[in-house]
Amino acid sequence: MEIRTLNYFLAVAREENITNAAKSLNITQPTLSRQMQQLEIELNVKLFEKVERKMKLTNEGMILKRRAQEIVTLADKTVTEVSHRESDLDGEIAIGCGELKSTDLLSKMIVKFHQQHPKVTFDIFSGNTTNIRNRMDQGMLDIGLFLNPVDVEKYDFVRMNVDETWCVCVRNDSILANKDYIRPEDLEDQLVMLPGRENVNHELINWLGKSSENINNVVNYNLIYNDVKLVQNGMGVLICLKLDANYDNVKFIPLKDAPVLHSVLAWHSGQVFTPTITAFIEFIKNYLAEIE
């Protein structure tokens, strides 16, 4: 039984799909299927069973998964200790993040880590939670910054202790521009732009209460910049998270008693990472623990 085969097995167990696992491993689906068949023959057990088009682990598969993670982690750690010093860390870390205030905290951690390990590079992808999760599941991103509420069943994560607060973005000549804060009734009969993410949108609908029946939802969005342009050109009112950003001819006004959200920095549970990514994950855990 080779370490490579165990890595293949863990990928299938994680993705619950041969095609997706093969993509994340950069190998062909037939090759991966053949490797799994040979592993079952070698162990003389059935490792997977199909349940609603997903490949679920059998009891024997669960046992192997636990042991495989231990073996692969130990092998990776052994290679790291033998052939690397921490000062030799290099390679790329791919991170996905939304437009959140906690991005500032993430940026500070990236800068600090890079100062210690200047050979490490970063690939930053901006998107919403759905975009980021899909790319993580495809193996295109190593770490994701998610806005709660989010299902983190498949992930390990740390909480970002930053309040994400709601506001409206209006033009300076809007009838709402002189208000100190916005109540739900202020948005009745307004053209309103809302986040496209369903569970986040649900939080806002709850805040709007009965007033939600009297607003005209004309746009759903995933990133703020384009919709600020719509506001600037007279489209209506944008409900969004407050960011540390300034735009011409618009004003951001907080929502009265709106829910406060938080974010998490997450990575796939049980996945075997490169020494560089592993070191970065440990770094962010320690960094956040120190500032609590």
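The following exchange concerns a predicted model and takes up its two sheets, the helices that pack on them and on each other, and one salt bridge.

Reader: In the sheet with the strand order 4-3-5-12-6, which strands stand at the edges?

Author: Five strands form this open sheet, and their pairing is mixed. From one strand to the next the twist averages 20°. An edge strand has a single partner strand, so one of its sides is left without a neighbour in the sheet, and this applies to strand 4 (120-126) and strand 6.

Reader: Within that sheet, in which sense do strand 3 and strand 5 pair, and which residue of strand 5 stands opposite C97?

Author: Strands of a sheet pair through backbone hydrogen bonds, either parallel or antiparallel. Strand 3 (residues 91-97) is joined to strand 5 over three bridges, and the sense is parallel. Opposite C97, in strand 5, stands L145.

Reader: Which helix lies across strand 3, strand 4, strand 5, strand 6 and strand 12, and at what angle does it run to strand 6?

Author: The strands in question, with strand 12 covering 261-268, are crossed by helix 5. The direction of helix 5 relative to strand 6 is at about 120°.

Reader: Is helix 5 parallel or oblique to helix 9?

Author: Helix 5 (residues 102-116) packs against helix 9 (residues 275-291) with the axes 10 Å apart and an angle of about 120° between them. Angles of 65 to 115 degrees would count as roughly perpendicular and those over 145 as roughly antiparallel. The angle of about 120° therefore makes the relation of helix 5 to helix 9 oblique.

Reader: What is the handedness of the crossing of helix 5 and helix 9, and how many nonpolar residues does their contact have?

Author: Helix 5 passes helix 9 in a right-handed crossing. Among the residues that meet are L105, M109 and F113 in helix 5, and F280, F283 and L288 in helix 9. By class, the contact has two charged and two polar residues, while the number of nonpolar residues is 11.

Reader: How many charged residues has the contact of helix 2 with helix 3, and what is the angle between these helices?

Author: Helix 2 (residues 18-25) contributes I18, T19, A21, A22 and L25, and helix 3 (residues 29-43) contributes Q29, L32, S33 and M36. By class, this contact has six nonpolar, three polar and no charged residues. The axes lie 9 Å apart, and helix 2 is roughly perpendicular to helix 3, at an angle of about 110°.

Reader: In the sheet with the order 9-8-10-7-11, which helix packs on the sheet, and what angle does its direction make with that of strand 10?

Author: This open sheet of five strands has mixed pairing, and strand 9 (216-221) and strand 11 (250-254) stand at its edges. Strand 7 (residues 166-171) and strand 10 (residues 237-241) run antiparallel and are joined by four bridges, with C169 opposite L238. The helix that touches strand 7, strand 8 (191-195), strand 9, strand 10 and strand 11 is helix 8 (residues 224-232), and its direction makes with that of strand 10 an angle of about 150°.

Reader: Which residue meets K154 in a salt bridge, and how many residues apart are the two?

Author: A search of the whole structure finds nine salt bridges, and in one of them K154 meets D137, with 3.4 Å from N to O. K154 lies in the loop between strand 5 (143-147) and strand 6 (155-164), whereas its partner belongs to helix 6 (residues 129-137). The pair links distant parts of the chain, and the partner of K154 is D137, at a separation of 17 residues.

Notes: Residues numbered from 1 in each chain as written. Predicted model: local features only at pLDDT ≥ 70, side-chain atom pairs only at ≥ 80, totals over all residues. Heavy atoms only, no water. Axes fitted to C-alpha atoms, helices over the stretch in contact; angles between N-to-C directions. Parallel < 35°, antiparallel > 145°, perpendicular 65-115°, else oblique. Left-handed = near helix turned anticlockwise from the far one by under 90°. Contact = heavy atoms within 4.5 Å. Nonpolar A, V, L, I, M, F, W, Y, C, P; charged D, E, K, R; others polar. Pairing = 2+ DSSP bridges. Salt bridge = Lys/Arg side-chain N within 4 Å of Asp/Glu carboxyl O.
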